[in-house]
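Work through the exercises below with the coordinates open. Each task is followed by a stepwise solution.

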Amino acid sequence: MTAASTDDTIPDTAASTVEFVSATNYAGGSELQPASLNVDVGAYRNWVRTLESAGFDYTLNGYSAGSADSFIVATATGQLTERLKPIVALRPNTVFPLVAAQSLATLDQLTEGRAVVHLISGGSDVEQARQGDYLPKDDRYARTSEYIDLLRRAWTETEPFSFEGKFYRFDDFGPGFRTYSGESVPISIGGQSDAAFGVGGTKADWFTFWGEPLAEVRTEIDRVYAIADRAGRTHQNIWVTFRPIVAETDAQAWEKAYQVLAVLTHHFKDGTTAPQRFARLGTAPPQNKGAQRALGFAAASEHYDRALWTPTASATNAAGASTALVGSYQTVAAAIVDYIDAGANIVSIRGYEGIADIEKYGEFVLPLVRAELEHRRATGRRGRLQREHLGYGDPDFLAAHDAAAKAGVAA
């Protein structure tokens, strides 16, 4: 299936703006050339400054039981940059909500309003147990729901308050430490389970999806918005995540894609892919529904829409964000705009080649997407980008894919 590209009418579902997210790397290197799991201060400093100079708006500071602390790294990011907004990945089981509210408000003040928090209820029982969390999945989301309420109250209540819920209890707290604006820090939720949709749809400011086929993403956005409508809440910002593999031409991008796939496949067999090293995820079938869906899409088809490519998910057991967009800078930019047309207004793109990918995205891909949206604001119509770069709808694109696949098999 290829996204419609000949009509210059902007879809009713299209977002009018977009912001870009990447992920913080603490030690340099890349998934193709892994570095130490320890913090390399020089490499980390270079990483976040490169993200800012490339034009990214946010960087996600990931979390696992054996990784660098996301709060501390986010604070350092805020001081090393002037505009880049640090997103703290936070597990509710690891920090009492009032303490987390205090830490996030402090970060927000130190960064003059740039803090965001992404709450991870927990997609793996094994990983949760590493830090003493034995709640079943639905209870973890119920705890997250309580957690969100307490974060917001800690930031905004003007008088002391007490609370007794299923998971938290305290007396006479507050007023809490205020954020930079005095309002709540944006709260992000992800997940594909019914519990995730229930909590995210009723309480989150952002809802997060991995890179799925366009029709599926649109269906899931409608589902989130319907829950928000029933709760009387403003529609969430929609965050989608991809692993673009780009080059100057489509043919060069496909050649690179199969080289990347070969390395990922080798690393997975050796247990050295990024998720296996970062969160010690093994080779057992994934427990979380998002990964299960990604593997299902990969089993059904290698490619979708304009440029979505799924073998990278299969090769890594869909551990973390793993679906790719493949093509020239123009083709991948057009594919990103397809998702903006579906309603996404926050797009995460993270490559497999570290700093080199950040620089390419910043020089070529981000400007193309932003130019398309500026054209739309000026004219009220789509520009030429999607019409001229059809991806799988172009026979030459498919021929380049087939040639690279044949060469990859031969190698």
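How many bridges join E12 to E13, and do these strands run parallel or antiparallel?

**Exercise 1. Pair up the open sheet.**

Bear in mind that this is a predicted model.

Step 1. Take the opening question. E12 and E13 are joined by 2 bridges and run antiparallel. Within this pair, Trp309 has Ala324 in E13 as its bridge partner.

Step 2. Go to the other pairing of E13. Here 3 bridges link E10 to E13, and the two run parallel. Val246 is matched with Gly327 in E13.

Step 3. Add E11. It is joined by 2 bridges to strand E12, residues 308-309, in an antiparallel arrangement. His303 sits opposite Trp309 in E12.

Step 4. Assemble the order. The result is an open sheet of 4 strands, E10-E13-E12-E11, with mixed pairing. Strands E10 (245-247) and E11 (303-304) are at the edges with a single partner strand each, so one side of each has no neighbour in the sheet.

**Exercise 2. Describe the surroundings of E13.**

Step 1. Check burial. Of the 5 residues of E13, 5 are buried, so the strand is largely enclosed by the rest of the structure.

Step 2. Look for a helix on the sheet. Helix H12, residues 329-342, lies across E10, E12 and strand E13 (324-328). Its direction is at about 135 degrees to E13.

**Exercise 3. Trace the barrel.**

Step 1. Follow the strands. A closed barrel of 8 strands runs E1-E2-E3-E4-E7-E8-E9-E14, and its pairing is parallel. On average, neighbouring strands of this sheet are turned by 25 degrees against each other, direction ignored.

Step 2. Inspect the pair E1 and E14. Strand E1 (residues 19-23) and strand E14 (residues 346-349) run parallel and share 3 bridges. Val21 stands opposite Ser348 in E14.

**Exercise 4. Find the best-connected core residues.**

Step 1. Start with the largest nonpolar core. It holds 82 residues. Those touching the most other members are Phe20, Phe56, Leu90, Leu119, Leu151, Val240 and Ile336. H12 gives the most to this core, with 10 residues.

Step 2. Zoom in on Ile336. Leaving aside neighbours within four places in sequence, Ile336 contacts Phe20, Leu325, Val347, Ile349, Val365 and Val369.

Step 3. Look beyond this core. Another core of 20 residues lies apart from it, and includes Ala257, Tyr258, Leu264 and Phe397.

**Exercise 5. Characterise the packing of H1 against H2.**

Step 1. Get the geometry. The axes of helix H1 (residues 41-54) and helix H2 (residues 70-80) come within 10 Å and cross at roughly 60 degrees. The H1 and H2 crossing is right-handed.

Step 2. List the contact residues. From H1 come Tyr44, Arg45, Val48 and Arg49; from H2 come Val73, Ala76, Thr77 and Leu80.

Step 3. Sort them by class. The contact of H1 with H2 has 5 nonpolar, 1 polar and 2 charged residues.

**Exercise 6. Is Gln109 far from or close to Tyr180 in space, in terms of the C-alpha separation in Å?**

Step 1. Place the residue. Gln109 belongs to helix H3, residues 97-110.

Step 2. Take the separation. Gln109 and Tyr180 are 71 residues apart along the chain, yet their C-alpha atoms are separated by 4.5 Å.

Step 3. Collect the contacts. Not counting residues up to four places away in sequence, Gln109 touches Phe177, Arg178, Thr179 and Tyr180.

Step 4. Judge exposure. The relative accessible area of Gln109 is 34%, which lies between the 20% and 50% cut-offs, so Gln109 counts as partly exposed.

Key: Residues are numbered from 1 along each chain as its sequence is written. This is a predicted model: local features need pLDDT of at least 70, side-chain atom pairs count only at pLDDT 80 or more; totals for chains, interfaces and linings use all residues. Side-chain values use heavy atoms; hydrogens and water are left out. Two strands pair if DSSP finds at least two bridges between them. Contact means heavy atoms within 4.5 Å. Axes are lines fitted to C-alpha atoms, for helices over the stretch in contact, and angles run from 0 to 180 degrees between N-to-C directions. A crossing is left-handed if the near helix is turned anticlockwise from the far one by less than a right angle, and right-handed if clockwise. Ala, Val, Leu, Ile, Met, Phe, Trp, Tyr, Cys and Pro count as nonpolar, Asp, Glu, Lys and Arg as charged, and the others, Gly among them, as polar. A nonpolar core is a set of buried Ala, Val, Leu, Ile, Met, Phe, Trp, Tyr and Cys residues joined through side-chain atoms within 4.5 Å. Buried means under 20% relative accessible area, exposed over 50%, partly exposed in between (1.4 Å probe, protein chains only).
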